[in-house]
Amino acid sequence: MRDFEYAAPASLDEAIELFTGKNGSAKALAGGTDLIDHVRTGRLSPDLIVDIKKISELNILENSSSGFRLGAAVSCNRIYRDETIVSEYSALADSCRIIGGVQIQSRASVGGNLCNSGPAADTTPALIALEATCVIAGPNGTREVAVEDFCTAPGQNVLQSGEILVELKFPPRQENSGSHYRRFIPRYEMDIAVVGVGASVVLDSDRETIVSARIGLGAVAPTPLFAESAGDLLAGMPANDDSIAQAALEAQAAAKPIDDMRGTKEFRVHVTRVLTERVLKAAVARAKGESVEVAIGH
Amino acid sequence: MMAKKRVVTTSINGTETEFLCEPRQTLLEVLRDVLDLTGSKEGCSNGNCGACTVLLNGDPVDSCLVLAVECEGADIETIEGVAPTDGLHRIQDAFLECAALQCGICTPGFIMSAKSLLQQNPSPSEDEIRFYLAGNLCRCTGYDKIVRAVQEAAKAKEEVTA
Ligand SMILES: Cc1cc2nc3c(=O)[nH]c(=O)nc-3n(C[C@H](O)[C@H](O)[C@H](O)COP(=O)(O)OP(=O)(O)OC[C@H]3O[C@@H](n4cnc5c(N)ncnc54)[C@H](O)[C@@H]3O)c2cc1C
Ligand code: FES
Ligand code: FES
């Protein structure tokens with residue numbers, strides 16, 4: 001691997017100082033499951049690697065009346081072992097359970113998944129569905145960006161030189177709400193999504209009508225997509241198969257995939273609809289307090 | 001100028017171990033080339049095969065995707081630490097009994113993952129075993145014998161604790 005310097009600052013200020021003025025020659029290291037391979041293969045050539053895992057703000061995992069806070073460097077296995085995330089932010093736990101195998105899950109972070117900004121990143125559609133906000137810190141202070149606006153192109157995002165993602169903030173879970181993430185892959189595990197769908201729904205108190213819904217799509221566009229109109233269409237509709245089928249058609253229309261080795265455009269468009277239906281049904285079931293059987297590895 | 005070498009203090013298989021490494025060296029490289037612990041294997045060097053699996057602070061990781069400098073203060077367990085001084089660990093016994101290896105390159109990684117699985121889930125189902133071991137690849141056995149070996153090892157544990 002190319003030669004580089006390494007620093008492991010204990011505070012956010014120290015980290016930002018290390019990045020400032022480096023103009024991209026310094027790279028953040030969270031779990032390293034993307035970064036180390038990219039350095040080894042020469043896709044990235046940093047002179048300095050800044051290990052951000054020792055910074056307390058990036059390790060936060062905190063639920064309160066103002067919502068849930070997830071540090072950008074928290075590993076997938078910590079996330080799916082957290083009871084609050086599993087029960088109240090289920091789509092996120094679903095996505096963390098299927099990233100790589102257990103070795104990857106011990107290290108990979110949601111922040112790294114988002115900052116790597118791949119179109120097929122599994123956690124991003126779940127974050128979109130759960131209405132996450134990115135808290136970003138840099139030399140000019142802190143700013144917030146809605147997660148659906150974070151990725152700008154394959155491998156590109158809104159982070160400016162010297163900025164790091166600190167945490168993801170989620171609004172408090174509403175009564176009678178549920179969420180799910182699922183992807184289509186040709187194998188059972190260890191593969192990259194052909195299509196990934198995350199959805200969350202809020203039902204009214206009799207659990208018959210949908211109050212609001214959000215749908216995130218992965219691997220069907222240059223960036224993860226917020227299928228806003230598909231979710232909006234469900235507001236006020238009965239929580240039944242008909243409504244869900246309409247929303248799935250709308251989500252399908254938002255999908256703008258490409259042909260590649262994992263699937264043709266036509267296939268991906270079709271799968272978007274089928275998967276959106278299944279994911280919405282699971283989210284509704286969870287909102288009704290029913291448990292959803294997800295086959296292992298799906 | 002090359003980045004300066006660092007002194008890293010860890011516990012490896014229960015023994016406090018200090019080593020010198022360059023920031024760019026992975027944990028796998030240091031284990032094999034500096035510490036002469038060659039049980040962990042290099043299959044792919046990109047996180048796909050699991051031949052380099054070790055336990056880092058109790059969690060299974062691909063040591064090819066960990067920088068050795070990150071391990072300051074860490075507790076590391078490798079395949080060399082698995083067997084008791086007299087004989088083999090029950091998972092190793094089960095792999096031999098079930099003929100769960102041919103060339104053996106993948107075996108240390110499978111045993112580390114299986115150890116972690118059985119710590120968390122002492123009697124896993126076949127599906128749970130297959131899913132947990134998905135990050136370990138084997139080019140020889142076709143996996144069935146590996147899964148059977150883990151089932152046998154789980155049973156052996158039940159007998160010991162029963
Ligand atoms: C075998 C294997 C299987 C995989 N399977 C999947 C899969 O199923 N689904 C999937 O989506 N991905 C998968 N991945 C990709 C990878 O594991 C994920 O993208 C992971 O979430 C990356 O997180 P990390 O913490 O390891 O990031 P790192 O590798 O540490 O970082 C990734 C990138 O983001 C930057 N970065 C990280 N954190 C921050 C931050 N807080 N602020 C600013 N920049 C930051 C880094 O500089 C780097 O460029 C797989 C990878 C491997 C090797
Ligand atoms: S050598 Fe590390 S996963 Fe293959
Ligand atoms: S025994 Fe040869 S790779 Fe598994």
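Here are three short exercises on how chain B and chain A meet in this predicted model.

**Exercise 1. Find out how much confidence the predictor places in the model.**

Step 1: Start with chain B, whose mean pLDDT is 95. In this chain, 98% of the residues reach 70 or more.

Step 2: Turn to the complex, for which the predictor gives an ipTM of 0.96 and a pTM of 0.96.

**Exercise 2. Describe the size of the interface and the residues that chain B brings to it.**

Step 1: Begin with the residues: 35 from chain B are in contact with 31 from chain A.

Step 2: Now take the area. The size of an interface is often given as the accessible area lost when the parts come together. Between chain B and chain A, about 2700 Å² is buried, and carbon and sulfur atoms give 57% of this area.

**Exercise 3. Work out which polar links join the chains, and which parts of chain B lie at the interface.**

Step 1: Look for salt bridges; the rule finds 3 of them across the interface of chain B and chain A. One of them can be traced in the structure: the side chains of Glu70(B) and Lys53(A) meet with 2.6 Å from N to O, inside the 4 Å cut-off for a salt bridge.

Step 2: Count polar contacts, which gives 13 residue pairs between the two chains, with both residues at pLDDT 80 or more.

Step 3: Locate the elements of chain B that give two or more residues to the side touching chain A: strand E4 (59-62), helix H3 (107-120) and helix H4 (126-132). The largest share, 5 residues, comes from H4(B).

Step 4: Sort the residues on this side of chain B by type: 14 are nonpolar, 11 polar and 10 charged.

Notes
Residues numbered from 1 in each chain as written. Chains lettered and ligands numbered in written order. Heavy atoms only, no water. Contact = heavy atoms within 4.5 Å. Buried area = accessible area lost by both parts, 1.4 Å probe. Polar contact = N/O pair within 3.5 Å; in protein donor to acceptor, adjacent residues only side chain to side chain. Helix = DSSP H or I, 4+ residues; strand = E, 2+ residues; numbered from the N terminus. Nonpolar A, V, L, I, M, F, W, Y, C, P; charged D, E, K, R; others polar. pLDDT = per-residue confidence, 0-100.
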